[in-house]
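I opened my notebook today to look at pockets, a ligand and a bit of backbone. Come along and keep the structure open beside you.

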Amino acid sequence: GSSNSSGRGALVVLEGLDRSGKSSQCARLLSFLQGKGHRAEGWRFPDRGTSVGQMISAYLANESQLDDRTIHLLFSANRWEKRGLMESKLLSGTTLVVDRYSYSGVAFSAAKGLDIEWCKAPEVGLLAPDLVIYLDVQPEKAAERGGYGGERYERIEFQQKVAEHYHSLRDPTWKVVDGSLPMETVEDQLRELATDCIQECNGKPLTNLAW
Ligand code: TMP
Ligand code: MG
């Protein structure tokens with residue numbers, strides 16, 4: 001039986017550099033939670049399935065050029081267009097395991113030199129995660145992992161800057177997991193963090209991101 005059938009679901013966010021192992025760990029965590037009887041869905045940002053998401057995808061593939069602030073706002077808009085659905089899923093008891101969220105939005109744009117407060121502003125009012133897990137991998141290690149796929153930000157010098165900005169965004173509530181540990185070890189840590197979070201947020205109201 002589902003242990004969260006009466007309460008709301010949890011908003012669980014995984015963050016980290018490109019090739020930090022987020023996507024694999026999200027998939028593993030999702031099937032674990034579902035296997036335990038939780039109602040859970042896997043989400044990711046950017047959500048490339050919307051028309052805004054297609055613009056983002058073309059930009060990342062270097063098929064289009066966009067001003068830095070314009071693409072920043074598109075990434076944010078891509079979260080705003082999903083806010084209502086996220087809220088209704090969470091309120092109806094579905095836990096969302098989300099691969100990247102507002103922290104990616106701020107860390108990647110700030111790494112280009114945009115003002116960090118300007119970057120945060122459009123994220124205010126989106127749903128606040130119940131749990132942020134940062135998968136910590138050195139940029140050099142991430143680059144070694146089968147190389148990058150060729151999208152716009154997949155360069156080691158840039159990822160280095162992104163890592164610095166993630167570092168300055170971290171607050172004491174973030175759970176930092178060493179992403180260079182064996183996959184199964186990381187997986188175990190994520191299972192425990194997510195399970196605790198789902199239990200704890202039962203009864204807690206959903207809140208908005210305020211930074
Ligand atoms: P993905 O590889 O997880 O699909 O993400 C694509 C790239 O987009 C990745 O390099 C991180 C970047 N990104 C941003 O720059 N801003 C954002 O808001 C998000 C969600 C991702
Ligand atoms: Mg990628």
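Here are my entries, in the order in which I looked things up.

**Entry 1: the model**
I noted before anything else that this is a predicted model.

**Entry 2: the largest pocket**
I began with empty space. Rolling a probe the size of a water molecule over the atoms shows where such space is left. How much space lies in the largest pocket? I found about 610 Å³ there.

Next I looked up its walls. The lining of the largest pocket is made by 32 residues. Nearest the centre of this pocket are Asp18, Arg19, Lys22, Arg44 and Arg100. Four elements give two or more residues each to this lining: helix 1 (22-35), helix 3 (68-91), helix 4 (102-110) and helix 8 (183-200).

I also sorted the lining of the largest pocket by class, and wrote down twelve charged, eleven nonpolar and nine polar residues.

**Entry 3: who is in there?**
What takes up the space of the largest pocket? I saw that ligand 1 does.

I then listed the neighbours of ligand 1. There are 13 residues around ligand 1, and Asp18, Arg48, Arg79, Arg100 and Gly105 come nearest. Helix 3 and helix 4 each supply at least two residues of this shell. Helix 4 gives the most, with three residues. By class, I put the shell around ligand 1 down as six nonpolar, five charged and two polar residues.

**Entry 4: arginines and ligand 1**
I looked up distances from oxygen atoms of ligand 1 to N or O atoms in arginine side chains, and made a small table.

| Side chain | Distance to an oxygen atom of ligand 1 |
|---|---|
| Arg100 | 2.8 Å |
| Arg48 | 2.9 Å |
| Arg44 | 3.4 Å |

How much of ligand 1 does the protein cover? On its own, ligand 1 has 480 Å² of accessible area, and the protein covers 94% of that.

**Entry 5: the second largest pocket**
I moved on to the second largest pocket, which holds about 480 Å³ of space. Its lining has 22 residues, and those nearest its centre are Pro129, Asp130, Leu131, Val132 and Thr173. Strand 4 (131-136) and helix 8 are the elements that give two or more residues to this lining. Which element gives the most? I found helix 8, with four residues.

By class, I counted 13 nonpolar, seven charged and two polar residues in the lining of the second largest pocket.

**Entry 6: two backbone oddities**
I kept a general rule in mind for this one: most residues other than glycine have a negative phi, and most peptide bonds are trans.

My first find was at Pro46, in the loop between strand 2 (40-44) and helix 2 (51-60). The peptide bond from Phe45 to Pro46 is cis, with omega near 0°.

My other find was Arg19, which is not a glycine and yet has a positive phi, near 70°. I located Arg19 in the loop between strand 1 (11-16) and helix 1. Arg19 was already in my notes, as one of the residues nearest the centre of the largest pocket.

Definitions and conventions: Residues numbered from 1 in each chain as written. Chains lettered and ligands numbered in written order. Predicted model: local features only at pLDDT ≥ 70, side-chain atom pairs only at ≥ 80, totals over all residues. Heavy atoms only, no water. 1 Å grid on protein atoms, 1.4 Å probe; cavity = no way out; pocket = protein on both sides within 12 Å on 5 of 7 lines; lining within 4 Å. Points joined across faces, edges and corners; volume = space filled by probe spheres on them. Nonpolar A, V, L, I, M, F, W, Y, C, P; charged D, E, K, R; others polar. Near = heavy atom within 4 Å. Polar contact = N/O pair within 3.5 Å; in protein donor to acceptor, adjacent residues only side chain to side chain. Areas by Shrake-Rupley, 256 points an atom, 1.4 Å probe, with all protein chains shown as cover. Sits in = over half its atoms within 2 Å of the grid points.
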